[in-house]
Amino acid sequence: MPPVAENDLFIKTTSGGRAGVRSDFPIFARTFAGRPLIYLDSGASSQKPQVVIDALADHLAKHNANVHRGVYALAQEADAAYDGARKRVAAFVGGAPQTTIFTKNATEAINLVAYSWGRANVNADDAVLITQMEHHANLVPWQMLCRERGAQLRYLEVDERGELSLEQLDSELARGDVRLVAFAHVSNVLGTINPVAEMTARARAAGVVTLVDGAQAVPQLPVDVGALGADFYAWTGHKALGPTGIGVLHGRAELLERMQPFLTGGDMIASVDFQETTWNELPYKFEAGTPPIAEAVGLGAAVDYLSGLGMERVRAHERELTAYMLERLAAVAGVRVVGPPQADRRGGLASFTVEGIHPHDVAELVARAGVCIRAGHHCAQPLMRCLGVGATARASVGVYNERADIDALVDALLSGRAVFGL
Ligand SMILES: Cc1ncc(COP(=O)(O)O)c(C=O)c1O
């Protein structure tokens, strides 16, 4: 077996032991049936560093009050904590606070655009263009919109390497009826890193609005929403070391200004009369009701932590682990990995099938060795049909993983094959 290599995020301590980011995550002190936790499911949700847990607890213990309503000192602390978190979250991805909207998750961020922008701008005989690799969160809202408006929903195809074709994008845009192109920055099944800037530039040149689903990208790549050029960019806190219950939508100011609100009620208004209401300024116009205050504070701590590591280093670490995972999985008989063959073109995950063993059994077999992976359709049923499978197993890495985790997965797969007599 290859030796466990040092990598940038794991440093040798003076006593010769290993320290580094994993020790920042208290969950790794846990054992399951006497085995250490080997967590390879960060694509579903990441683990949380102690600084995020502390930020949540500290906020609730010392600064808790509702926001934007109180004149007393405690309420002002809560305001400062919430709006301060927004500034840090926006800066983390090169966005502006005014156009950075907190939502419940990426799903809600995409639904916000499908309702508020889509229902005012997509009409009968228009088309919405998405891709075959979309998570249901970036597919079902467009299906609903198109059905309601009598518009067409069309798909960019995924080729045998798990990639999209810019030529097909061009020919779709040339048809003249596309109003919006929505696609993942990083596929949660194939791992493909899509050429976002090229795609948004082509759409913009054709006068077409773009939405990018960055749920899998923000946790592992340096992201600059300005440079990527999307009109809307959505992501989710819990995959980026933050708490559940918070997502983010970055939008182009001109579009957000023109859009009607998504949800209505308290906080998102400027004034309400018996028959008429006017809307609050951005971003509050899109944040109806009491927002996820403690969650925003937790996400602020998460992005500070990631910035401290440096997103270039995070990407290098996950790229290196992915390359290692692809190499080791390729050597296991019967394993077929889907998506781009090169680690450079993919995020930190590998979805695979094992000939003769159902993906759910694969996940179950490796779980017996304490290895946590995911099996199923990964909320991408249409993509599964394109791949000709009902499900895959998926191992996904985070900042706290190391090569030994991949070795444990591969050892468990080899033992699993033996259990099945393969
Ligand atoms: C690519 C992608 N988009 C969207 C989502 C939805 O994220 P959330 O459930 O936090 O809204 C996920 C979650 O798995 C995802 O992987």
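In this predicted model, the side chain of His135 places an N or O atom 3.2 Å from an oxygen atom of the ligand. Thr236 joins in with a polar side-chain atom that lies 2.6 Å from a ligand oxygen. For Lys239, the distance between an N or O atom of the side chain and an oxygen atom of the ligand is 2.6 Å. These three residues belong to a wider set around the ligand, which also includes Asn105, Ala106, Thr107, Ala137 and Asn188. Asp213, Ala215, Gln216 and His238 complete the surroundings.

Attention now turns to charged side chains elsewhere in the chain. The structure as a whole contains 21 salt bridges. One of them joins Arg88 to Asp304, with 3.0 Å between the closest N and O atoms. This pair brings together distant parts of the chain, since Arg88 sits in helix H2 (residues 73–92) and Asp304 in helix H9, 216 residues apart. Both partners are partly exposed: the relative accessible area is 35% for Arg88 and 38% for Asp304.

A further salt bridge connects Arg179 with Asp126, at 3.6 Å from N to O. Arg179 is part of strand E9 (residues 178–184), while Asp126 is in the loop between helix H3 (106–121) and strand E7 (127–131), so this contact ties together parts 53 residues apart in sequence. The two ends of the bridge differ in their surroundings, as Arg179 is partly exposed at 30% relative accessibility, whereas Asp126 is buried at 14%.

Asp407 and Arg328 also form a salt bridge, with an N to O distance of 2.8 Å. Here the link runs between helix H13 (residues 403–419), which holds Asp407, and helix H10 (residues 311–330), which holds Arg328; the two residues are 79 positions apart. Both of these side chains belong to buried residues. Salt bridges can also be joined up, as in the network that links Arg154, Glu172, Arg175 and Asp177.

Lys285 offers a contrasting case. This lysine is located in the loop between strand E14 (277–279) and helix H9 (293–309). Lys285 is buried but has no salt bridge, and the nearest side chain of opposite charge, that of Glu257, is 5.1 Å away. A salt bridge would require the nitrogen and a carboxyl oxygen to be within 4 Å, so the distance to Glu257 does not qualify. The side chain of Lys285 does, however, reach the backbone oxygen of Glu257, at 3.0 Å. Leaving aside residues up to four places away in sequence, Lys285 touches a run of neighbours made up of Leu256, Glu257, Arg258, Met259, Gln260 and Pro261, together with Met268, Trp279 and Asn280.

The last region described here is centred on strand E19 (residues 392–396). Five of its five residues are buried, so the strand is largely enclosed by the rest of the structure. In a regular strand, side chains alternate between the two faces of the sheet. Along E19, Thr392, Arg394 and Ser396 point one way, and Ala393 and Ala395 point the other way. E19 pairs with strand E16 (residues 349–354) in the antiparallel sense over four bridges. Strand E18 (residues 374–376) is also antiparallel to E19, and three bridges join the two. Ala393 can serve as a landmark for both pairings: Phe352 stands opposite this alanine, and so does Ala375.

Methods. Residues are numbered from 1 along each chain as its sequence is written. This is a predicted model: local features need pLDDT of at least 70, side-chain atom pairs count only at pLDDT 80 or more; totals for chains, interfaces and linings use all residues. Side-chain values use heavy atoms; hydrogens and water are left out. Buried means under 20% relative accessible area, exposed over 50%, partly exposed in between (1.4 Å probe, protein chains only). Two strands pair if DSSP finds at least two bridges between them. Lys and Arg count as positive and Asp and Glu as negative; His and the chain ends are not counted. A polar contact is a pair of N or O atoms within 3.5 Å; within protein, one must be able to donate a hydrogen and the other to accept it, and residues adjacent in sequence count only if both atoms are side-chain atoms. Contact means heavy atoms within 4.5 Å. A residue is near a molecule or strand if one of its heavy atoms lies within 4 Å of it.
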